[in-house]
Amino acid sequence: MKIKQKLIGSFFLLLFFTLGITSYLLYKNSVNNSINLVYATMHQDIKQRALRIENFQDRAKSDLLLALNYPLFIEYFELPETKAGNVYVDGIIQFTPNQREIKNKLDVWIKFFQNRFSVDETCLIDGSGQEHTRLTSGIIAPDDDFSSEEDGASFFAPSMAKSKGEVHIEYPYMSPDSNRWVFAYTSPIVLSDGSKPSFFHFELPMLFFQKTSLERAPEKTRIIVLDPAKGLILADTAQNIETGVKELGDIEKSLMTNYFPSINTISTGVNFNTAIADMKAGKEGSINITMINGEEKLLAYGPLTTFGWSVLEIRDSGESGVAGVFGGSMLIILITVFLLDLIIIIIVTRAIVRPIESLTESASKISRGEANVMIPEIKTKDEIHDLAEAMKGVLAAVEFLRDEIDKKK
């Protein structure tokens, strides 16, 4: 194989190796930059969504306190007969004419409040656990339907422990009256002497929470609100989670696991479990996960202040899109670089090989005994220049010997 062929072959191998490594590094860098950009976008959306959810809760609190500003709540519990304690006949609470008059006005106000703010149910409960009024979907419950055992409800003790203007939010439960999953919001009624004889309670359906949590979801994005501690999905753009009562037994129909899907329906991979551990600790983060169906996705998550819940956002990695855009641009770059390198290789190869070819031709003439052979002038100061100078020395020696032979003849 001639030097020219060897040089061209070596240059081509070096070219392909260099372009291959460069292309791979550029591709990986583009993919990583693209994924980081997607993560940044996801986290921004999660923060905005979390703020929207917190605003939902704050609005509910404000609505409750707005309702409690109605002065008849305090007037009712300032009545001497109300302060004297509840009176029962056959287990049914009794109301005096004064109590009834104020209570009827309170019911009108509460009904207006329900219609205005889409509240499922409202109750007025005193410190003994006795209901004094209850409206469900605008319907006023009769006296004989009032419960006297609300002190056993999970929201009772924390509600009575609150101060004026403070609101307790109870973890969602199946309302036995509205027959759907609700949030409970409660705040105490504080009299002029600082006593807290009662608290006002209303329930908002989880349906509104789900709608608020999932609205305006970006295209091709899955939004999830979950409880990492209980391992349950509470809202999900990929599925409709029913919050109405099911035909189950008395105990089963109030169990969250019979309504809300498990987080294991998202993924059971190691990375996802790591993310769940972070969520339990109230952290935010992002990671790639393997979905339950085997698809690779990007996951970003952030905390909510309510109940230690978290907001998740799941998207495609976008690598295929990057590969398509990168591939098209890189193909043009590679072709351009290849053609430029090819021209450079040809020029460099000719610059190296042409002097060698000239020297080879001169050496062939010398070997054939030709006279007046001219050694080409090599201007470069390299090994080829040294070879040309050496050949000049050889040619001078040959001509000297030839002259000596001619003299002897």
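**Note on salt bridges, sheet and cores in a predicted model**

1. Glu131 and Arg134 are joined by a salt bridge in which the closest N and O atoms lie 2.4 Å apart. The structure under review is a predicted model, and this distance should be read as a property of that model. Both partners, Glu131 and Arg134, are buried.

2. A second salt bridge links the side chains of Arg315 and Glu313, at 2.9 Å from N to O. Arg315 has 17% relative accessibility and Glu313 has 0%; with the limit for burial set at under 20%, both therefore count as buried. Shared partners also connect salt bridges into one network, whose members are Glu131, Arg134, Asp145 and Asp177. Glu131 and Arg134 of point 1 thus reappear in this network.

3. In helix α1, which spans residues 3-68, Asp45 and Arg49 are four residues apart, so about one helical turn separates them. Their side chains meet in a salt bridge with an N to O distance of 3.5 Å. Asp45 counts as buried because its relative accessibility is 13%. For Arg49 the value is 1%, and this residue is buried as well. Over the model, the count of salt bridges comes to 14.

4. The next point concerns the sheet. Five strands make up an open sheet, arranged in the order β10-β9-β13-β12-β11 with antiparallel pairing. The edge positions belong to β10 (232-236) and β11 (285-290); each has a single partner strand, and therefore one side of each has no neighbour in the sheet. From one strand to the next, the twist averages 30 degrees.

5. At one edge, β11 pairs with β12 (residues 296-303) in the antiparallel sense, over six bridges. Within this pair, Thr290 has Glu296 of β12 as its bridge partner. Helix α6 (residues 206-214) packs on the sheet and touches β9 (222-227) and β10. The direction of α6 makes about 70 degrees with that of β10.

6. β9 and β10 are paired in the antiparallel sense over four bridges, and Asp227 stands opposite Leu232 in β10. The two strands form a hairpin with four residues between them. In the turn, Gly231 has a positive phi of about 70 degrees.

7. Which strand is largely enclosed by the rest of the structure? The strand is β10: five of its five residues are buried, so the rest of the structure largely encloses it. This holds although β10 stands at an edge of the sheet, with a single partner strand. Among the residues that Phe260 touches are Leu232, Ile233 and Leu234.

8. The largest nonpolar core has 72 residues, and those with the most contacts inside it are Tyr185 and Phe260. Helix α1 supplies the largest share of this core, namely twelve residues. Leaving aside residues up to four places away in sequence, Phe260 also touches Trp181, Met206, Gln210, Ile241 and Thr243. A second core, separate from the former, has nine residues, including Ile125, Phe156, Tyr173 and Ala184.

Note on methods
Residues numbered from 1 in each chain as written. Predicted model: local features only at pLDDT ≥ 70, side-chain atom pairs only at ≥ 80, totals over all residues. Heavy atoms only, no water. Pairing = 2+ DSSP bridges. Axes fitted to C-alpha atoms, helices over the stretch in contact; angles between N-to-C directions. Contact = heavy atoms within 4.5 Å. Salt bridge = Lys/Arg side-chain N within 4 Å of Asp/Glu carboxyl O. Buried < 20%, exposed > 50% of the residue type's maximum accessible area, 1.4 Å probe, protein only. Core = buried A, V, L, I, M, F, W, Y, C linked by side-chain atoms within 4.5 Å.
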